[in-house]
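Reader: I am new to this structure. Please take me through it, and tell me how each label is earned.

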Amino acid sequence: MVVQLIEPIVPILTLREYIVAGMQVQVGCMGGCGHRHKIDFQKLMDIYGPDMDAVEALRAGTRCRHCGAGTMFVTYPYTG
């Protein structure tokens with residue numbers, strides 16, 4: 001019997017890691033207008049730095065461009 005070692009799954013945490021991994025994230029407004037847009041991680045990295053936690057950067061800087069609501073939902077579209 002041959003045992004194959006599997007590398008552990010390493011979570012993607014920082015803005016730099018999201019960019020390197022090619023992650024795509026969309027946010028949508030929960031304030032009533034339903035607007036959605038794709039997150040520009042390069043822009044967030046320019047503002048907060050490459051080692052900023054990606055989730056914290058989304059929380060800090062996400063607001064609806066159309067109605068100004070601060071309540072947003074996040075989706076990670078399947079790109080495979």
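Reader: What share of the 80 residues in the chain is buried?

Author: Buried residues make up 26% of the 80. Buried means under 20% relative accessible area, exposed means over 50%, and partly exposed lies in between, with a 1.4 Å probe and protein chains only. A word on the source: this is a predicted model, where local features need pLDDT of at least 70 and side-chain atom pairs count only at pLDDT 80 or more, while totals for chains, interfaces and linings use all residues. Residues are numbered from 1 along each chain as its sequence is written, and side-chain values use heavy atoms, with hydrogens and water left out.

Reader: How many helices and strands does the chain have?

Author: The chain has 3 helices and 3 strands. Helices (H or I, at least four residues) and strands (E, at least two) are DSSP runs, numbered from the N terminus. Along the sequence the pattern reads α-β-β-α-α-β.

Reader: What makes the strands a sheet, and in what order do they stand?

Author: Two strands pair if DSSP finds at least two bridges between them. E1 and E3 are joined by 4 bridges. E1 and E2 are joined by 3 bridges. Both counts satisfy the rule of at least two, so both count as pairs. The result is an open sheet in the order E2-E1-E3, with antiparallel pairing.

Reader: Why do strand E2 and strand E3 count as edges?

Author: Strand E2 (36-38) and strand E3 (72-75) each have a single partner strand, so one side of each has no neighbour in the sheet. Neighbouring strands are turned by 25 degrees against each other on average, direction ignored.

Reader: Which residues stand opposite each other in the sheet?

Author: Cys29 stands opposite Met72 in E3. Gln26 has Lys38 in E2 as its bridge partner. E1 and E2 also form a hairpin, with 6 residues between them. In the turn, Gly32 has a positive phi of about 120 degrees.

Reader: Which residues touch the most other members of the largest nonpolar core?

Author: Leu15, Val25, Ile39, Phe41 and Leu44 do, in a core of 15 residues. Helix H1 (15-21), strand E1 (26-29), helix H2 (41-48) and helix H3 (54-61) each supply at least two of its residues. The name has a strict meaning: a nonpolar core is a set of buried Ala, Val, Leu, Ile, Met, Phe, Trp, Tyr and Cys residues joined through side-chain atoms within 4.5 Å.

Reader: What makes Tyr18 and Phe41 a tilted pair?

Author: Rings of Phe, Tyr and Trp (its six-membered ring) pair if their centres lie within 6.5 Å; planes under 30 degrees apart count as stacked, over 60 as edge-to-face and the rest as tilted. A search of the whole structure finds 1 aromatic pair. Tyr18 and Phe41 have centres 4.9 Å apart and planes at 45 degrees, so the pair is tilted. Tyr18 lies in helix H1 and Phe41 in helix H2, so the pair ties together parts that are 23 residues apart in sequence.

Reader: How do you know whether Tyr18 and Phe41 are buried or exposed?

Author: Tyr18 has a relative accessible area of 6%, so Tyr18 is buried. Phe41 has 5%, so Phe41 is buried.

Reader: What does Phe41 touch?

Author: Contact means heavy atoms within 4.5 Å. Phe41 touches Leu15, Tyr18, Ile19, Met23 and Val25, not counting residues up to four places away in sequence.

Reader: Why is Ile19 called partly exposed?

Author: Ile19 has a relative accessible area of 33%, which falls between the two cut-offs, so "partly exposed" is the label. Ile19 lies in helix H1. With residues up to four places away in sequence left out, Ile19 touches Phe41, Gln42 and Met45. The C-alpha atoms of Ile19 and Gln42 are separated by 7.2 Å, although the two are 23 residues apart along the chain.

Reader: Why does His37 count as buried?

Author: His37 has 13% relative accessibility, so the buried label applies. His37 is in strand E2. Leaving aside neighbours within four places in sequence, His37 contacts Val25, Gln26, Val27, Arg63, Arg65 and Met72.

Reader: Where is Cys64, and what does Cys64 touch?

Author: Cys64 sits in the loop between H3 and E3. At 5% relative accessibility, Cys64 counts as buried. Cys64 touches Cys29, Cys33, His35, Ala69 and Met72, not counting residues up to four places away in sequence.

Technical notes:
Axes fitted to C-alpha atoms, helices over the stretch in contact; angles between N-to-C directions.
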